[in-house]
Amino acid sequence: MHLIRVDSVQRWMEDLKLMTDCECMCVLQSKPISIEKDEQNELILSSQYSTCDNLQLLLKRAWIISTELTRIAQKLEKNRWQRVHSMTVRVNCHVHSMINEHNTFTRSSSEEMHQLEKLLIDKCSEFTAFTERCLQTEDEEILKSMKSCVNETLTTVAQYFGQLIELVLTQEAQNLLRQIELSGSLYATESAISSLFSLAQEGAHLCRIIAKEGGVVALFKICRQDCFRCLYPQALRTLASICCVEEGMHQLEKVDGILCLADILTDTSHSEATHAEAAAVIAQITSPHLTFTQHLSSFLENMEEIVTALVKLCQEASSGEVFLLASAALANITFFDTMACEILLQLNAMKILLAACSDKLIVDTPYSRDQVVTILANMSVLDQCASEIIEGNGVQLLMEMLFEKSSSGNPAEAAACERVQQKSAVTLARLSRDPEVADAAVKLSCIPRLIKLCRSPTERNNSDSVLVACLAALRRLAVMSPDGLEDSDFQQLVKPRLVDSFLLCTNMEESFV
């Protein structure tokens, strides 16, 4: 994207030449005097975009057009022809404006682009004329016969519009990647990577386009050249965004991206920022939420050195953000392959993570604690973990995590707190098969807290997953220490089948507690 720095008045005058006719037509023709009161739903886009680049303006205009087309279809179903026509005129205006704006900022357009623009403009004009003719007849039978033609025209407009946007975005990605590939200037390369990152933030579809056009290949090429070392963090951050889609992952595998990431993580000459961004890419490509990680065969070959580097990064992290990225990568890897837990045990990762949790400047959010307790939960399947937990005062930490509460009320933070509570209960349940861990948990009053979480929905933020985990932990501790429960708790929370206790707790009123 080419940023244009000009005087604001001059910019306004340039905009005025492009926008006046379209906007006047929009105001005069698409806002009829009507008894319908949905004017507040109309979408209006200001032509003042001095603070936005051309791509952002294009995407905003495209979103408006897409929304309007959807609303036209809805109005058409209800036979509200006056609204259909006025909205069709407005779409026509936006399409003209979008094409004018794009052509103003684009140095050269392909023949295919010009053809698509012409097809779209012609079809929009045809659409507007069609809906205008519909207004001029009141015969229901004629309108009924015309309705299918209007629907067909609407579908064609939407199809041409989608193809045009796809082509524009593809060419934008190609231009940026060409700049990265050919530019010998550090500044120009940095600018292109920054623009590519902004493009990737617009969603999965943009990431697919970038990956398809060779974005992953180009960025790893940057990360293999010493002359661009200062751009590694930026390039890696962009890679993490692109690799959220399957196409990005396939490209990463083809260019031996895992090996490159392993080299960066194990190279002590790189900055902490570079290591942190490499950890972010690892966290992205090993995310348990992705269904297309199985093909990462090369990851297993490099897993031990990657895990070792990530544990070291957790241990030496200078900020909460760096720790979060490194611990998130480790947490995902423990899901990715069970061998990772054994490697972590050999590296004394349990002690390192437990020690980090005592530093409130490093483990400073529920999100970080979520990553730590995920690692603990996955490692707790190993028998040797029990002694590590006892030595590192881990039972006390798990007890504290059962009290995790959101301070801001933010939905994402509240969800993270639920995960912390659930996973700490799961970890306690798994580790309490060891009598020493169970005894420590009882002494720290874990049983009363688990009972409280079961009986009080607000304590667990009405989370069913937390409830199930707490019931499981409570039952395991009750076996080891039956004297810690009152008879009513035992009869309701331990003795029945788990599903019956679950149903009892989910139906409880707060006043019952």
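Two residues are in contact when heavy atoms of theirs lie within 4.5 Å. With that in hand, here's a first look at the chain: among contacts between residues at least 6 apart in sequence, 73% join residues at least 24 apart. Keep in mind as you look around that this is a predicted model.

**The chain as a whole**

You're looking at a chain with 25 helices and zero strands. Of its 513 residues, 51% are buried. As for confidence, the mean pLDDT of the chain is 84, and 88% of the residues reach 70 or more. Two stretches to be wary of are residues 1-5, where pLDDT stays under 50, and residues 18-52, where the pLDDT is also below 50. Residues 1-5 have 13 contacts beyond four places in sequence, while residues 18-52 have 56 contacts beyond near neighbours in sequence. Where pLDDT is low, the predicted coordinates should not be read in detail.

**Helices side by side**

Two packed helices are described by the angle between their axes and the distance between the axes. Here are three pairs to find in the structure:

| Helix pair | Angle between axes | Distance between axes |
|---|---|---|
| α9 (residues 232-242) and α12 (residues 272-285) | about 10 degrees | 8 Å |
| α8 (residues 215-222) and α10 (residues 246-254) | roughly 45 degrees | within 8 Å |
| α22 and α24 (residues 487-494) | roughly 55 degrees | within 12 Å |

Start with α9 and α12, which pack at an angle of about 10 degrees and are therefore roughly parallel to each other. On the α9 side, the contact is made by Tyr232, Pro233, Leu236, Arg237, Leu239 and Ala240. Across from them, α12 brings in Ala273, Thr274, Glu277, Ala278, Ala280, Val281 and Gln284. Sort the residues of this α9 with α12 contact by class and you get nine nonpolar, two polar and two charged.

Next up are α8 and α10, whose axes cross at roughly 45 degrees. That makes α8 oblique to α10, and the crossing is right-handed. Here Val216, Val217 and Phe220 of α8 touch down on Gly248, Gln251 and Leu252 of α10. The residues of this α8 with α10 contact split into four nonpolar, two polar and no charged.

Further along the chain, the axes of α22 and α24 cross at roughly 55 degrees. So α22 is oblique to α24 as well, but this time the crossing is left-handed. Ile451, Cys454 and Arg455 in α22 meet Ser488, Asp489, Gln492 and Leu493 in α24. By class, that α22 with α24 contact has three nonpolar, two polar and two charged residues.

**A helix under cover**

Now hop over to helix α11 (residues 257-266), which is mostly covered, with seven of its ten residues buried. Those buried residues are Gly257, Ile258, Cys260, Leu261, Ala262, Ile264 and Leu265. What's doing the covering? The list includes α8, α9, α10, α12 and α13 (297-316). You've already met α8 and α10 as one packed pair, and α9 and α12 as another.

**Two buried residues**

Leu354 sits in helix α16 (residues 349-357). Its relative accessibility is 8%, so Leu354 counts as buried. Leaving aside neighbours within four places in sequence, Leu354 is in contact with Leu376, Glu388, Gly392, Gly394 and Leu397. Leu354 and Val373 are 19 residues apart in sequence, with their C-alpha atoms 9.6 Å apart in space.

Ala438, in helix α21, is buried too, with a relative accessible area of 2%. Not counting residues up to four places away in sequence, Ala438 touches Ser432, Leu477 and Met480. From Ala438 to Ala386 is 52 residues in sequence and 9.9 Å in space, C-alpha to C-alpha.

**Two loop residues with positive phi**

Asn393 has a positive phi of about 60 degrees, although it isn't a glycine. You'll find Asn393 in the loop between α18 (385-391) and α19 (394-401).

Ser445 isn't a glycine either, and its phi is positive at about 65 degrees. Look for Ser445 in the loop between α21 (435-443) and α22 (446-455). Is Ser445 buried, exposed or partly exposed? Its relative accessible area is 38%, so Ser445 counts as partly exposed.

Notes: Residues numbered from 1 in each chain as written. Predicted model: local features only at pLDDT ≥ 70, side-chain atom pairs only at ≥ 80, totals over all residues. Heavy atoms only, no water. Axes fitted to C-alpha atoms, helices over the stretch in contact; angles between N-to-C directions. Helix = DSSP H or I, 4+ residues; strand = E, 2+ residues; numbered from the N terminus. Parallel < 35°, antiparallel > 145°, perpendicular 65-115°, else oblique. Nonpolar A, V, L, I, M, F, W, Y, C, P; charged D, E, K, R; others polar. Left-handed = near helix turned anticlockwise from the far one by under 90°. pLDDT = per-residue confidence, 0-100. Buried < 20%, exposed > 50% of the residue type's maximum accessible area, 1.4 Å probe, protein only.
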